[in-house]
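Q: I should like to learn how the features of a protein model are read. May we work through one example together?

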Amino acid sequence: VTFSVDGGFAAGVTLSAGVASFTGPGTLSPRVHTIAASYNGDQNYRFASYLGFHTVSVPVFPTGTTLTVTPANVLTSQTVHMQATVTATGNTPIGYVTFLDGGQTLVAIQLNSSAIAYFDTALLSEGSHSIVAEYDGYTSQNSYNPEVISPSASTPATATVSDIPTVTTLSASSATPTSGTVLTLTATVSSTTGTPFGGVTF
């Protein structure tokens, strides 16, 4: 029996108990292929052939995305560290991960060679933040080895940002100023956590 794929010779197999088997190559491109098997016949049996169609689909690899946010509780202006890890059943995922805060995009980061994306920020506002990492997925444009890596999203992780309490005191250079004298006002801002910065409005 002669086997052919898309009109090209693939293999010649000798019948064994009336059966000829052929395992095709694993490199067929994703499309519809024409498969033919032709029996050459002999002095007792006539020639016969069979034509069939075989569809090769682009492989689709599911993924999973996990997210860690540390520390979970910070003060205003302190840094929150985010790490998204993408795993797949096929090749190592490539592409981008988008970090979102309550549905609002924070940033899109390209995965490194270990399929991990890192993002640090000290700009989260006061309050509770629901952080999600979304892997955008990837479609290979290589016609010889195409693949689709499916998108996925992490479960939400919470980061809580608290205001740093401050105390502001005001003092004057004189408690009993007279007309025409210069009065100096001094505002002192203190905190139990670090040294406050910014401005004071008089």
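A: Let us begin with a term. A residue is called buried under 20% relative accessible area, exposed over 50%, and partly exposed in between. The model before us is predicted. In it, Val-200 has 44% relative accessibility and therefore counts as partly exposed.

Q: Where along the chain is Val-200 placed?

A: Val-200 lies in the segment that follows strand S18, which covers 185-191.

Q: Of which nonpolar surface patch is Val-200 a part?

A: Val-200 joins Leu-170, Leu-183, Leu-185, Val-189 and Phe-202 in a nonpolar surface patch of about 570 Å². Residues of such a patch have over 30% relative accessible area, and the 44% of Val-200 agrees with this.

Q: How many helices and how many strands does the protein chain have?

A: The protein chain has 18 strands and zero helices. Its radius of gyration is 35 Å, whereas the globule rule gives 17 Å for 202 residues; the chain is therefore more spread out than a compact globule. The C-alpha trace spans about 130 × 30 × 25 Å along its principal axes.

Q: What share of the residues is buried, and what is the accessible surface of the chain?

A: Of the 202 residues, 25% are buried. The accessible surface of the protein chain is about 13100 Å², and carbon and sulfur atoms account for 54% of that surface.

Q: How should one read contacts between residues set apart in the sequence?

A: Contact means that heavy atoms lie within 4.5 Å. Among the contacts in the protein chain with a separation of 6 or more, 52% are between residues 24 or more positions apart.

Q: Is Thr-121 buried or exposed, and which residues does it contact beyond its neighbours in sequence?

A: Thr-121 belongs to strand S11, residues 116-121. Its relative accessible area is 10%, so Thr-121 is buried. Leaving aside neighbours within four places in sequence, Thr-121 is in contact with Gln-78, Thr-79, Val-80 and Met-82. In addition, the side chain of Thr-121 reaches the backbone nitrogen of Leu-123 at 3.1 Å.

Q: Is Asp-101 buried or exposed, and what does it touch?

A: Asp-101 is found in strand S9, which runs over residues 96-101. With a relative accessible area of 17%, Asp-101 is below the 20% limit and so is buried. Not counting residues up to four places away in sequence, Asp-101 touches Leu-106, Leu-124, His-129, Ser-130 and Ile-131.

Methods. Residues are numbered from 1 along each chain as its sequence is written. This is a predicted model: local features need pLDDT of at least 70, side-chain atom pairs count only at pLDDT 80 or more; totals for chains, interfaces and linings use all residues. Side-chain values use heavy atoms; hydrogens and water are left out. Patches are made of residues with over 30% relative accessible area and no salt bridge: like charges are joined within 9 Å, nonpolar side chains (Val, Leu, Ile, Met, Phe, Trp, Tyr) within 5 Å. Accessible areas come from the Shrake-Rupley method with a 1.4 Å probe; for residues, only the protein chains shown count as cover. A salt bridge is a side-chain nitrogen of Lys or Arg within 4 Å of a carboxyl oxygen of Asp or Glu. Helices (H or I, at least four residues) and strands (E, at least two) are DSSP runs, numbered from the N terminus. Buried means under 20% relative accessible area, exposed over 50%, partly exposed in between (1.4 Å probe, protein chains only). The radius of gyration is taken over C-alpha atoms; the globule rule is 2.2 Å times the number of residues to the power 0.38. A polar contact is a pair of N or O atoms within 3.5 Å; within protein, one must be able to donate a hydrogen and the other to accept it, and residues adjacent in sequence count only if both atoms are side-chain atoms.
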